[in-house]
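Open the model in your viewer and keep the selection panel at hand. The stops below go from the whole chain down to single residues.

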Amino acid sequence: METKWLEDFISLVETNNFSRSAQLRHVTQPAFSRRIQSLENWLGTDLIDRTTFPTRLTPAGHVFYEQALEMLGQINGVRELLRHKRVTAQTTIDLAVPHTLSLTFVPKWITQLEEDFGPIHSRLMALNVHDAVLQLVEGGCDLLLCYHHPRQPVQLDPGRYDMLVMGREALRAYARCDRTRQPMFTLPGRKAAPLPFLSYTTNAYLGRMVDLILADARPALHLDKRYETDMAEGLKMMALEGRGIAFLPESAVTREVKQKLLAPADAAGSWEIEMEIRLYRERPSPARPGKPLVAELWDFLEERLQPAKAKRRLAASER
């Protein structure tokens, strides 16, 4: 049994709604339903009465709810106890980051931070977006760095979590350069001859961003999915082999574009989307004060970002 199954079940009991719980748990509804079913299979009994609507617990579900709360509390208590016993716990910043940002944004960001703020001891956890957010929610990290878009938001309670915008990133289509240093494939393609498409899997955050691009595309894009993976780096390597078009974050292909190995497949920039790069922390409280080092770093970042924030506000007001 996985602890996230317990958390899923508790969320479902509290919301009484599969769709709402799936949204809060940052997972699709079909995936959420499968995890509830996996818990029921492990227990060997139904927890949810699926003959009624709205959602209602079975008698076994009512009994297990109390046990799930107790089990999860014990697990989290033990984890917190052991974490506090780590010798380096207070002097190390635990950072949860989606895979792509861990390769593109974090190395340069840490280097710049150490130049301006001073030496930092950090522990990086490279995860998918869902699991990275869970690390913050469950107290498994000090900071969460992730992408954000208004149409595919990371839903964290602003009353509990602080947020800083660290930058912006464009996601657009790229293809391998031919001998004339032009892209081998260019959008939008033709219905009679769709372009080979290197795609993210359906559970990847960047894949959902690509879905938004495709849904809004005017004119429509004609693509033939040939390959899929949840890793932007994997799509980049396939694009470098000339296998098709891939939508990639600009920071992931800076070197390849400069070396004329890859080029934008949409010269007019008509098919792209911009995302924010956000940093989150749990707001310190008397019960959970957090690490002094994290508070010091947060204050430093907040102060450094204030001028840029004020400048953006002024520009917006002038428009």
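A residue counts as buried when its relative accessible area is under 20%. The model is predicted, and of the 319 residues of the protein, 44% count as buried by that cut-off.

Start with everything selected. The C-alpha trace spans about 70 × 55 × 40 Å along its principal axes. Colour by secondary structure to see eleven helices and eleven strands. Turn on the surface: the accessible area comes to about 17400 Å², and carbon and sulfur atoms make up 53% of that. Among contacts with a separation of 6 or more, 75% join residues 24 or more positions apart.

Next, select the charged side chains. There are 42 positive and 40 negative ones, and the centres of the two sets lie 5 Å apart.

Now select residues 129–137, which form helix H7. Val129, His130, Ala132, Val133, Leu134 and Leu136 are buried there. Add asparagine 128, which caps the N-terminal end of H7. One of its side-chain oxygens lies 3.2 Å from the backbone nitrogen of histidine 130. Past the other end, pick glycine 139, which follows H7 and has a positive phi, near 80 degrees.

Last, select the cysteines. How many disulfides are there? The count is zero, taking a disulfide as two cysteine sulfur atoms within 2.5 Å. Cysteine 141 is in none, as the nearest cysteine sulfur, that of cysteine 146, is 10 Å away. Cysteine 141 has 8% relative accessibility and so counts as buried. Go on to cysteine 177, which is also buried, at 8% relative accessibility.

Methods: Residues are numbered from 1 along each chain as its sequence is written. Side-chain values use heavy atoms; hydrogens and water are left out. Buried means under 20% relative accessible area, exposed over 50%, partly exposed in between (1.4 Å probe, protein chains only). Helices (H or I, at least four residues) and strands (E, at least two) are DSSP runs, numbered from the N terminus. A polar contact is a pair of N or O atoms within 3.5 Å; within protein, one must be able to donate a hydrogen and the other to accept it, and residues adjacent in sequence count only if both atoms are side-chain atoms. Contact means heavy atoms within 4.5 Å. Accessible areas come from the Shrake-Rupley method with a 1.4 Å probe; for residues, only the protein chains shown count as cover. Lys and Arg count as positive and Asp and Glu as negative; His and the chain ends are not counted. The place of a charge is taken as NZ of Lys, CZ of Arg, CG of Asp or CD of Glu.
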